[in-house]
Amino acid sequence: MRFAWLLPAIIWAVSSTAALAQSASTEADSSTVGSPDSVAALQSQASDSSSSGIAAATAAAAEAAGLDGAGDGPQPFLVSWDLEPEAGLKATVRKVEYYADLVSHQTLADESKLTENLSIAREEYRKQDKNVDRRDASVLFSGGSLLPFTTTIRTSWGWNEDRTINSAGQTNLIRRDQKRASVNLSRDKIKTGPVSHGLYLNGSIDDMLGENQGQRNDVSNAIVSGAVRSKLALLEGLTVATSVYEERSEGDRALGLTTSPSTADGDSLGGGVFFKRGTWESKFSVRQSNYKRRYLDYRRNSNGIIDTFQVAQAIVEELERQDALSLEWENKYYYRRVGITTFLARDIDEQDYRVSGVGLKENHQDEVGMDLSFRYSSSDSVTFKYKYFWKWDDQTYKGATVSRGRQVSQRRDFDMTVMQRVFAHTGATFKYSAGLTQDFAENQFNDNDRDRYVIDSSIKLSTDWTGKFKTSLSLSYNHVEDISIRQSRSANNNEKDTYEIVPGYFWPLAPWLDLQQDFRISIQFTDYVFSGYPGVSRQDDYNKRGNLNTRVTLRPNPRLTCTISHDYSAKFNASRTRTDVTGTDFYNRDLEQRISTIDLALTYRATEWFKLEGASYRTKDLRDTFGATASTRDTRSGEVWLGCVVKKSWGSASNKTVAATVRQYYANGPNVQESNAQYWDADMSFRWKF
Amino acid sequence: MRDSIQRRAGVFQTVVTLLALAAYLPLLTGCLFKPRTPEPPTGAEIVYLPRGEVPNILANLETALKNLDIAGYDDAIGENFVYLPDSQTKNDYPAVDWANWDREQELAFAGNMFDNISALQANLRDTDIRVDIGSGTEVEWEVIYLLEQTSSDGSVTKYRGGVEIIFRQIGSFWYIDSWEDLQGEPDPDTGAALTSMGGLRGAFASK
């Protein structure tokens, strides 16, 4: 591994921290020698108190250390120590997961913190032959005020194994064993004259052993990075900021039977101007970044896909380069009841691959937005929004002399919202939005040019009668045009118009009884633009549906809640068969369907920490199809589930917690499979903090 | 004095409401943006089956894939669509945000793929494991699919995988609500292990 040069830095950081901690500990130890009887008494008191274990012992030692000077003595090395073991089980229809965690926190002298984390988990999948095992361990040290800069040292080890067996009995094993050590040093507010700086340094070592589809995939890396961020206040409310970032990594990668060195270099330079005065805020920022990486990879084709049909899976040494530039300018201004926000952004990036068939990829993106809002009373307002988005991407395949051509996407959106109190208890909301999305392929390198135009508008009236009875009425209209431009695809071009009306009410009949009903009627017309054109068989159609949902909620006592609901929906689809000389269209029904569902749910809170619950539904689905083959189908289905919820904490400061949600499901009907006819669902955990 | 101020405030609110309506109503009948005029169709149309039956939805998705037609793909995917990758896909493309893969991500992937590949052969019901008639508003299927994708440089890549699909009925039509790739399956011709089409999603995912 080529990281030997980093080791002395890591060793220095750790040993300095340990030495400083050790000297603090020595001072604390010497101060406890003076009064053994008093210490014994305190420790006895601590063991009789409600708190126990390590926390009490350290508290007693801390008190003893402070005896001579009534709190003026040096702080003990170990101020507090908490342990939090947790174990649990989560079961869903997809998988069952077993897990156990142990987290240990130590607060040290000078506000340093040490955290150790151990965890183990196993997932067993119910519907496929698949198991996943995971083990993780980590140690995190935060320096606090121990050093003149913020220090974080972290070491971790993670192991996981994913074993999946397909329908042919073939096993795919994905295994990963990863070790990592890192050091972070940072310090803010370093002043040089009027300029304030922040300095950030990071060094890490990674060692990963991996296996996938029978092939080795090992990576060893040492990474060093650093950043400097500077800020200067030019005038009141006006600040200029810059940032510089540099990263370098070196190591080895083993892929299959091939091993090769890998390196990466990256840097970024950014700056910005920030202004804030009164109700006006403005910011402008620009960032340029560059990145270069050399590594082993599988051979990839022009779309970046591993080309498995070549002679074996060829492994190549890839050289990847990326450059990116981004600019952003945002303004916000508020004056009395008027607010204006504007936004402009540009992002450009290039990716170049020396070996991969991808070659050179370019991306460009511009965005412009504006919001205008006027609040003319405490509850009334009008808002306008406009956004324009334009992007293109291009690619020059490896070995090609000219680029593929730009694939361009353009989008424009306009929104208007008016919220108005019409009467004392009635509010109205008007919404209108229009959007046009357009895709172009330069030089027609594909036939996918298309436009999508959408209009969405609605009016909603809500009335709160005497603060209890509530009604609402919503009217909406939606128009969608899907247009393919090229002649090879335009036969399916269509326009859809949807009209919908939704009245509803909520009526609290009594403190223990609520009634709610919502009714929805909707019709959608689909007009195929080229219907009747030679070679086009698509016929215009419509579909309409109505839905009535009724819900009754009963609360006979504070512990018991019962909800009964009924949902009835009717749907009709029809296609146009002919148009007469007067232009009148005639439709034939294709489908009629009626679905009726009744639901019952019960919740009983037996105690503050224990709740019983259950629910059941039954559905009747009656379906008639017409046309050349008419048929009627009547199906019934249903489900019942029973369960409980437990959440109980006890002990000093409620440091022990048991939480569990368990449900048993029983289902029936033509769609029910063996795996979900009867199964249990659970989320259970036990946590203890001491 | 107070009555006068309140009356003026009430008049002001009424005027603003009427002005907002005056701006709103013409927008309903007008056309703020104008789409392009399409070329009249030539050649065969892409035939999609009625969306009132569950098997037709998967057949329509297959048709959309074969014809690289994003409009047909859009019609098959529901508003609350989620994609759940298999372990191999997550391992091969760890930088993709799989946890938030929704309808927008799915359509961006499909559009990107259709714009950049030459051809796609698809058989989404290569093997039926569990298929049901549509009833109520939710149906679950498990099938094995087979895809052959031809890249722009002429190279051909095969994908075969087991998938669990949840279909949901919204209004009058069925849609695919969830697509969970389970694992790769062997090549029917050679027996070699293939990956699921999660690899295509990883390669063409929007950044």
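How many salt bridges does the rule find across the interface of chain B and chain A? Keep in mind that this is a predicted model. The answer is eight salt bridges between chain B and chain A. Take Arg94(A) as one to look up: its partner is Glu180(B), and the closest N and O atoms of this pair sit 2.9 Å apart.

Polar contacts add to the picture. Between chain B and chain A there are 42 residue pairs in polar contact, counting pairs with both residues at pLDDT 80 or more. If you want to know where chain B does its touching, start at helix 1 (residues 2-29) of chain B, which gives nine residues, the largest share of the side that touches chain A. Sorted by class, that side of chain B has 34 nonpolar, 28 polar and 20 charged residues.

Now for the interface as a whole. On the chain B side, 82 residues are in contact with 100 residues of chain A. The size of an interface is often given as the accessible area lost when the parts come together. For chain B and chain A, the buried area is about 7,500 Å², and carbon and sulfur atoms give 48% of that.

Let's finish with a single residue in chain A. Ser356(A) belongs to the loop that runs between strand 13 (338-353) and strand 14 (360-375) of chain A. Is Ser356(A) buried or exposed? Ser356(A) counts as buried because its relative accessibility is 4%, and the cut-off for buried is under 20%. Leaving aside residues up to four places away in sequence, Ser356(A) touches Arg300(A), Asn301(A), Glu318(A) and Lys398(A).

How values were computed. Residues are numbered from 1 along each chain as its sequence is written. Chains are lettered from A and ligands numbered from 1 in the order in which they are written. This is a predicted model: local features need pLDDT of at least 70, side-chain atom pairs count only at pLDDT 80 or more; totals for chains, interfaces and linings use all residues. Side-chain values use heavy atoms; hydrogens and water are left out. Helices (H or I, at least four residues) and strands (E, at least two) are DSSP runs, numbered from the N terminus. Buried means under 20% relative accessible area, exposed over 50%, partly exposed in between (1.4 Å probe, protein chains only). Contact means heavy atoms within 4.5 Å. Buried area is the accessible area (1.4 Å probe) that two parts lose on being put together, summed over both. A salt bridge is a side-chain nitrogen of Lys or Arg within 4 Å of a carboxyl oxygen of Asp or Glu. A polar contact is a pair of N or O atoms within 3.5 Å; within protein, one must be able to donate a hydrogen and the other to accept it, and residues adjacent in sequence count only if both atoms are side-chain atoms. Ala, Val, Leu, Ile, Met, Phe, Trp, Tyr, Cys and Pro count as nonpolar, Asp, Glu, Lys and Arg as charged, and the others, Gly among them, as polar.
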